[in-house]
Amino acid sequence: MDKNNNYRRNNSHSGDKKYSQNKKFDTRKPERSYEKNSEKRDKRQDISEDEDYPAPMIVGRNPVIEALKAENPIDTIYIDKEATGSISVIVKLAKERDIVTKQVSHEKLTAMSRMTNHQGVVAMGACAKYVEISDILELAKSRGEDPFIIICDEINDPHNLGAIIRTAECAGAHGIIIPKRRSASLSGTVYKTSAGAASWLPVARVPNIPAAIDELKENGVWIYGTDASGEQYDKANLTGAIGLVIGSEGEGMGRLVREKCDFMLSLPLKGRVNSLNASVAAGVFMYEVLRQRTAKLT
């Protein structure tokens with residue numbers, strides 16, 4: 001097991017290189033080189049830690065406009081909040097296709113695109129294609145299984161969303177539901193954190209989580225919220241068709257979502273900290289579902 005708790009074979013080998021010292025060493029050169037390289041490393045680190053750093057991207061006004069007209073798969077469009085002119089055309093086309101747009105600073109776009117001539121717009125493609133809720137239900141039906149669906153209520157951290165997708169795929173869930181607004185999306189960070197599971201587990205992106213819950217209920221799915229006031233997770237019957245709601249990192253489930261839940265589940269907390277990381281809690285709940293379903297079949 002490595003430091004990231006991933007199981008893998010130990011194929012480590014020494015690949016270090018040793019460099020001999022140049023006898024005609026100019027003490028001024030490495031100093032200038034160090035400062036330049038240090039600056040580059042800092043910039044790369046800023047980009048890699050950006051929550052919205054994507055998989056494929058389209059940079060520039062005309063390329064984005066043509067991509068929208070061609071109905072290319074676009075996840076989110078980032079727009080310079082001070083940009084004018086043909087930006088209005090992009091906003092209009094995005095609205096017609098129901099694509100999320102976000103206003104950001106010029107500096108943010110420069111960091112994301114790694115160029116200064118981005119013309120105030122960067123479009124991000126999704127790392128996987130979004131599906132409809134009906135597609136997730138159909139997948140469960142094709143497997144002859146009761147639907148097992150994870151509903152993420154405004155999970156904003158892409159690392160948490162990626163971890164939830166990874167665990168859900170491993171635990172046999174049929175799909176994930178996320179909101180279009182106030183949520184992480186299928187960015188490159190999510191894909192990387194999911195260890196590629198985002199390519200296999202269907203993700204539906206909906207305008208409204210309460211409305212999505214209503215659609216699930218109409219299809220015989222019981223909704224289980226997660227909250228400290230609920231029934232202890234291992235005491236509930238989780239063997240039927242269920243939708244498991246995971247609340248946001250800071251606020252938990254929204255009021256309307258909470259009111260839509262049929263049951264509430266909780267985890268015992270014995271320490272001084274009164275909450276768990278969203279993806280960790282989701283993993284415990286999901287594997288309890290898997291445990292009960294596996295026991296039911298044996």
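Two strands count as paired if DSSP finds at least two bridges between them. The legends below describe close-up views of a predicted model.

**View 1. The six-stranded sheet is open and its pairing is parallel.** The strand order is 7-6-5-9-8-10. Strand 7 (203-206) and strand 10 form the edges, each pairing on one side only. From one strand to the next, the twist averages 30 degrees. Within this sheet, strand 5 and strand 9 run parallel and are joined by five bridges. Ile 151 stands opposite Val 245 of strand 9.

**View 2. Helix 10 packs on the six-stranded sheet.** Helix 10 touches strand 5, strand 8, strand 9 and strand 10, and its direction makes about 165 degrees with that of strand 9. The helix covers residues 278-297, 20 residues in total. At 1.5 Å a residue it should span 28 Å, and the end C-alpha atoms are 29 Å apart, which agrees. Its buried residues are Ala 278, Ser 279, Ala 281, Ala 282, Gly 283, Phe 285, Met 286, Glu 288, Val 289, Gln 292 and Arg 293. In an α-helix there are 3.6 residues a turn, so residues three or four places apart point the same way. The cover over the buried residues of helix 10 includes strand 5 (148-152), strand 8 (222-232), strand 9 (242-246) and strand 10 (263-266), together with helix 6 (158-170).

**View 3. Helix 5 lies across three strands, namely strand 5, strand 6 and strand 7.** Helix 5 comprises residues 133-142, and strand 6 comprises residues 175-179. The helix runs at about 165 degrees to strand 6.

**View 4. Helix 5 and helix 8 pack with a right-handed crossing.** Helix 8 comprises residues 209-218. The two helices meet at an angle of about 35 degrees, and their axes are 11 Å apart. On helix 5 the contact is made by Ile 133, Ser 134 and Leu 137, and on helix 8 by Ala 212, Glu 215 and Leu 216. By class, four of the contact residues are nonpolar, one is polar and one is charged.

**View 5. Ser 183 lies in the loop between strand 6 and helix 7 (188-193).** The relative accessible area of Ser 183 is 9%. Ser 183 is therefore buried, since the term applies under 20%. Leaving aside residues up to four places away in sequence, Ser 183 touches Glu 154, Ile 155, Asn 156 and Ile 178.

**View 6. The four-stranded sheet is open and has mixed pairing.** Its strand order is 1-4-2-3. The edges are strand 1 (57-59) and strand 3 (100-104), each of which pairs on one side only. The twist averages 20 degrees from one strand to the next. Strand 1 pairs with strand 4 (residues 121-124) in the antiparallel sense, over three bridges. Met 57 stands opposite Met 124 in strand 4.

**View 7. Helix 2 and helix 3 lie across strands of the four-stranded sheet.** Helix 2 (residues 61-69) lies across strand 1, strand 2 (76-80) and strand 4. Its direction is at about 130 degrees to strand 1. Helix 3 (residues 87-96) lies across strand 2, strand 3 and strand 4. Helix 3 runs at about 155 degrees to strand 2.

Key. Residues numbered from 1 in each chain as written. Predicted model: local features only at pLDDT ≥ 70, side-chain atom pairs only at ≥ 80, totals over all residues. Heavy atoms only, no water. Expected span 1.5 Å × (residues − 1). Buried < 20%, exposed > 50% of the residue type's maximum accessible area, 1.4 Å probe, protein only. Contact = heavy atoms within 4.5 Å. Axes fitted to C-alpha atoms, helices over the stretch in contact; angles between N-to-C directions. Left-handed = near helix turned anticlockwise from the far one by under 90°. Nonpolar A, V, L, I, M, F, W, Y, C, P; charged D, E, K, R; others polar.
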